[in-house]
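The following exercises concern a protein and the DNA strands beside it. Please work through each task before reading its solution.

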Number of protein chains: 2
Amino acid sequence: MPVQMHHPSLDEVSLSDVFAALSDEHRRGVVVALAVDPTRELPCTALTVPGTKSTRSYHWKVLREAGLVVQRNTGTGMTLRLREPEFEHRFPGFLATLLHLETQPPTEPEAPR
Amino acid sequence: MPVQMHHPSLDEVSLSDVFAALSDEHRRGVVVALAVDPTRELPCTALTVPGTKSTRSYHWKVLREAGLVVQRNTGTGMTLRLREPEFEHRFPGFLATLLHLETQPPTEPEAPR
DNA sequence: GGGGTGGTTCGAAAATCTTCGTACCCCGGT
DNA sequence: ACCGGGGTACGAAGATTTTCGAACCACCCC
């Protein structure tokens, strides 16, 4: 029988967990990729996180334990799905702001002074 | 001649720096305290970060290097000031969302399932 | 001018995070 | 039934973060 992975309830996760998870560029990339996808779900193999299998698996775990994603087994392979509604309920506005910051023009030159 | 502390330009700081700085509960507390204050500025002694002098100093440094605060010498003592306008220009919406999340009701019970 | 207060910096020690290899599991195809 | 692809768990090594004490600095006040 399959090992039931632990997916915390959203009220078990703290803002600290979330910030720590998202302090990594690659993990942030995963969240953005999921958020941008209409289904909010992508196969792990499509995610652009560098490293070996175990390194990648470690990053999925960090995201999972921050309440950001659900891991789902799809026969062979696995997908990550953004827990958007629950996350939004727990941390309203967070994902929208992140998405906005990450998809924005890199940074405009400072206003002249 | 006082040691000029290094305050990075806002376009030298990355979202990773900011998230890492804010993954600590106490540092987040400082930012919120500053943001809530009408002047955006408070003496270090008023900030509620536990630990020895050097530990507290270390946390100011992390916040400084994430572009979140300016440290200013006030005769005796020192203040931290939130770099609100610059930060807002670089990461629009970020501070508002953080503030909203931190000053909100703790968390309402999840809808039944 | 000497002391006290409030700070910084520099190690060093402890804790935590990240990466990887290895062992193992499950599923699907041949 | 076996093999290969995709994944997890565990342990160890390496890197980074956090905390602290000690040394040192600047300012204010008596």
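**Exercise 1.** How do the residues of the surface near DNA strand D divide into nonpolar, polar and charged?

*Solution.* This is a predicted model, in which local features need pLDDT of at least 70, side-chain atom pairs count only at pLDDT 80 or more, and totals for chains, interfaces and linings use all residues. Residues are numbered from 1 along each chain as its sequence is written, while chains are lettered from A and ligands numbered from 1 in the order in which they are written.

Step 1: set the classes. Ala, Val, Leu, Ile, Met, Phe, Trp, Tyr, Cys and Pro count as nonpolar, Asp, Glu, Lys and Arg as charged, and the others, Gly among them, as polar.

Step 2: select the residues. A residue is near a strand of DNA if its C-beta atom, placed from the backbone, lies within 6 Å of it. There are 25 residues around DNA strand D, and A:Cys44, A:Ser57, B:Gly51, B:Ser54 and B:Gly75 come nearest.

Step 3: assign the elements. Helices (H or I, at least four residues) and strands (E, at least two) are DSSP runs, numbered from the N terminus. Two or more residues each are given by helix 3 (53-65) of chain A and helix 3 (53-65) of chain B. Helix 3 of chain A has the largest share, five residues.

Step 4: sort by class. The surface near DNA strand D holds 10 nonpolar, 12 polar and three charged residues.

**Exercise 2.** Which element gives the most to the surface near DNA strand C?

*Solution.* Step 1: of the 25 residues around DNA strand C, the nearest are A:Gly51, A:Ser54, B:Cys44, B:Ser54 and B:Ser57.

Step 2: the elements giving two or more residues are helix 3 of chain A and helix 3 of chain B.

Step 3: helix 3 of chain B gives the most, with five residues.

**Exercise 3.** Describe the order of elements in chain A, then its side that touches chain B.

*Solution.* Step 1: chain A has five helices and three strands, which run α-α-β-α-β-β-α-α from the N terminus on.

Step 2: count the residues in contact (C-beta atoms, placed from the backbone, within 7 Å). On this basis, 19 residues of chain A are in contact with 19 residues of chain B.

Step 3: on the side of chain A that touches chain B, helix 1 (15-22), helix 2 (25-36) and helix 5 (94-103) of chain A give two or more residues. Helix 1 of chain A gives the most, with five residues.

Step 4: by class, this side of chain A divides into eight nonpolar, six polar and five charged residues.

Conventions. Two residues are in contact if their C-beta atoms, placed from the backbone, lie within 7 Å.
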